[in-house]
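Reader: I am new to reading protein models. Can you take me through a few features?

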Amino acid sequence: MKKLFVSILFSGLLISCYAQVIKVSENPVRWTISSENASYQVILTRDSNLTTGYYGPLSGERTFEADDWNADPRFGTSIREIPYRGGYVFMEPTIEVIFADGNRELELVYDGYETGELDGYPYIRFDMKDIYYPFTVSEYIRVIPELDIMEKWLVLKNNSKKDIKVERAYSGSFRLPADEYDLIQFSGNWGREFIPRQSLLTPGIKSVFNRDAKSIQHTPAYMIRPHGESDEFNGKVYFGGLQWTGNFKLDFVIENNERLQVAGGINYWDSHWILNKDEEFITPKIISGVVEDGGTNGASQLLHQYVRNHILPKPHNLTSKPVLYNSWYATHFDVNEEGQVALAKIAQEIGVELFVIDDGWFEGRNDSRGGLGDWYPDAKKFPNGLQPLISKVKELGMDFGVWVEPEMINASTNLYKEHPEWVLQTPHRTTHEGRNQLVLNMAREDVKQYTIEWLDKLLSENDIKFIKWDMNRNWSETGWVGASPDKERELRIRYIRNIYEILGVIREKHPDVQFEACSSGGGRVDLGILRYTDQTWPSDNTNPEDRLYIQYGYSHLYPTNTMLNWVTDWGYGDHQKNIPLSFRFHSAMAATLGIGGNLTAWEQEDKVIAKEMISLYKKFRNTIQQGKYYRLKNPFEETRSAVQFVSQDRSESVVFAFQVYETIAGVPYNSVNNRLVLHGLEEDASYAVSDGEEKFVISSKVLMSSGITVNLKGNYASKMFTITKQ
Ligand code: GLA
């Protein structure tokens, strides 16, 4: 067997040489995929199948688990790299098909491999073919060595003359070494999204899934760590996620031999795909990574870099996000030129750079009962269209953005009158409404085309630089007027693919326009939608205290340049709380800053504070949006929270510290709890630390061992520290 060494030179930021990322050796034939700190092995078995060997951190000489490589051909390989339905195997299948003659079993054998480079990174492709039917499966594994992340996806191909029904085609499966593991999922609901929940994985299957085009209950990403470990900065952590939106499934399976299999992809509940002759089905990607000893923070660091450099649309992935104002909480549906201009003037005075009009600007949108579908400016509210408002906003020196909800329709609209057949519906069944709206069947080609056309027209005729793409209700009655029963069952998959296609086409036509993914708050934050959108709206809940929890959870998986926070009037006057504006600002400044309060009601002194805060934010936003992120205090464990950002070159750092309540025992101010130990600074360097009042110079050694004194007094106290290398 020939030895293969893949050696690749990277351009741009990645000036390093990855020799031997993928190695092949013989007896047994095995492929070792090595990233900087991790190793993954695939082994060819005696029954010509592929089995998974070791997967985990490199620890000195790599462990080699050959438990199944010499599988007895009478039984076959029970641990499969690509598990499928068929044969003597008990793993959760990634592939389930039915051939035209009714045969429901696959029998795949190894048919070669290929290595190469995709977008500057090495990949290996394993080819498998059925022993009888002209059907092949290829598994791709692409490696990001410096992040210890692998991407996997499958390509199914029907080479026969007859259709094959695909009942499941997950993106891939990973097998972790035997251990007792805790799963951390990020689940919640409206107003309390991304809450980390840790639970012991016991024998059987734990599935985290959705059956919708949104996923407000669970984001499709996870962390896994040895049971009982909870250190933020130490210990082994596996992590992963799916590049798919809404309708996903992640299975965590402990089989009878106590090993953990993680498999996932599109959720095939109520779905299948007909693979016609000569057609391919390419699954979305699933990713998996591992940190040997960096804890959950270490895993977050890698995920953040991955999202910034490999998921988010370029070039906006690395540019600073403008400070945005959104008028939703100020005016709701009651929008017109005069009211918006009044808000825009104040927004400009305090330093806003992008003015966004939310819901209510389009034809007939006076409340949630009308408008969705008729995507042109409301004739009464904007008799001369949006452009006069846009011109005024531009004159003030700001960019302009709008809210849209393209997947939705109200029954009272002109669009509905013209195309009632475009709506999801099932004959003889009640067509349910949610928030008074129906769902457009985005799986249809005509609906896709219509959506591309009106979005293109809106962006071509108006100087719009930002789109907030919302999606506010769940699917129901997912029928497709005029489609065959088979095609109807492809709807859930085609719908999401078309959303991606629309966004892709519009982005290509309008490369300057940035997009935000929103779904009743944080219902659409995932690695799939982030390939087409620049940022997300993590929650409609803008109470600055609640937000500390939501941001804490969100930050485990996705970077701060995707996390938009608004300073609003929530938390002030509601629930008997009067949270100071400085706390509301600090909470929102700890990612991508936006403003959403009713500015016309703000006192002069509020505007002065806002102006100062926004100006301070702008000075440090590059570090906050693009820097390394450290969770210093867990709000779920204490009445405080603190986060730290460090610029990639370590010359600058920012810390936000929050005290929600001062406890009766005075715990916050005893000598231990009054300190924050910092991370990630340059060794042997001096830094100037300022909390806006006091300023002192101190060595990084002290900052990273005994830390800084916080001195927060009372309830809803907060501070921003800036730390600059001398
Ligand atoms: C959803 C969004 C909000 C706002 C409204 C407008 O609830 O999450 O931010 O855009 O829709 O109707």
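Author: We will look at salt bridges, then at the ligand. This is a predicted model, where local features need pLDDT of at least 70, side-chain atom pairs count only at pLDDT 80 or more, and totals for chains, interfaces and linings use all residues. Residues are numbered from 1 along each chain as its sequence is written, and side-chain values use heavy atoms, with hydrogens and water left out.

Reader: How many salt bridges does the structure hold?

Author: Side chains of opposite charge can pair when their charged atoms come close. A salt bridge is a side-chain nitrogen of Lys or Arg within 4 Å of a carboxyl oxygen of Asp or Glu. The structure holds 35. One pairs D111 with K129, with 3.7 Å between the closest N and O atoms.

Reader: Which parts does the pair of D111 and K129 tie together?

Author: D111 sits in strand β7 and K129 in strand β8, so the pair links parts 18 residues apart in sequence. Strands here are DSSP runs (E, at least two residues), and helices are runs of H or I, at least four residues, both numbered from the N terminus.

Reader: What about a pair within a helix?

Author: An α-helix has 3.6 residues a turn, so residues three or four places apart point the same way. E461 and K457 both lie in helix α6, 4 residues apart. Their closest N and O atoms are 3.5 Å apart.

Reader: How many residues surround the ligand?

Author: Count a residue if one of its heavy atoms lies within 4 Å of the ligand. That gives 13, and D358, D359, R435, K468 and D540 are the closest.
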